[in-house]
Amino acid sequence: MEPKSPIFELITPDLGDTEKIELVHWNTKVGETVEIGQEICELVTDKASFPMESPVQGILTQIFKQKGSILQKGDILGIISKEVH
């Protein structure tokens, strides 16, 4: 059995048929702990606003896309280092 990766890539989800996805706000700063289900950032399309929730518990260690960035599905927004309990 392979060990689980200690990092998780936070990836822009598929938000349907939209031409533009903008990262409008980070709710979490690098170095802060995040919980499963916690809103990490907010994405906006031409149709709606989408709060992005953390699927894992850990520490946000890197941010690759800044507020105002125009995104595409699959872009890596940041890295969460998973905490070991």
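Let's start with Glu22, which sits opposite Ile70 in β7. This is a predicted model, by the way, so please keep that in mind as we look around. The pairing that brings us here is between β2 and β7, which run antiparallel and are joined over two bridges.

Now widen the view a little. Those two strands belong to an open sheet of four strands, in the order β5-β4-β2-β7, with antiparallel pairing. At the edges we find β5, residues 49–53, and β7, residues 70–71, each pairing on one side only.

What about the nonpolar interior? The largest nonpolar core has 15 residues, and the members touching the most others are Trp26, Ile40, Cys41, Leu43 and Leu77. Two or more core residues come from each of β2, β4 and β8, with β4 spanning 39–45 and β8 spanning 76–82.

Take Leu43 from that group. Beyond its close neighbours in sequence, that is, those within four places, Leu43 is in contact with residues including Leu15, Ile21, Phe50, Met52 and Leu71. Our friend Glu22 is also among the contacts of Leu43.

Next, a stop in a loop: Thr28 lies between β2, residues 21–26, and β3, residues 33–34. Is Thr28 buried or exposed? Thr28 counts as buried because its relative accessible area is 2%, under the 20% cut-off. Setting aside residues up to four places away in sequence, Thr28 touches Val34, Gln38, Glu39, Ile40, Leu60 and Ile63.

Finally, the annotation. An unreviewed UniProt entry marks residues 6–81 as a "Lipoyl-binding" domain. Over that stretch the chain is 51% strand and 0% helix, and the end C-alpha atoms are 6 Å apart.

Key. Residues are numbered from 1 along each chain as its sequence is written. This is a predicted model: local features need pLDDT of at least 70, side-chain atom pairs count only at pLDDT 80 or more; totals for chains, interfaces and linings use all residues. Side-chain values use heavy atoms; hydrogens and water are left out. Buried means under 20% relative accessible area, exposed over 50%, partly exposed in between (1.4 Å probe, protein chains only). Contact means heavy atoms within 4.5 Å. A nonpolar core is a set of buried Ala, Val, Leu, Ile, Met, Phe, Trp, Tyr and Cys residues joined through side-chain atoms within 4.5 Å. UniProt positions are given in the numbering used here, feature names are shortened, and annotations may be inferred rather than shown by experiment. Two strands pair if DSSP finds at least two bridges between them.
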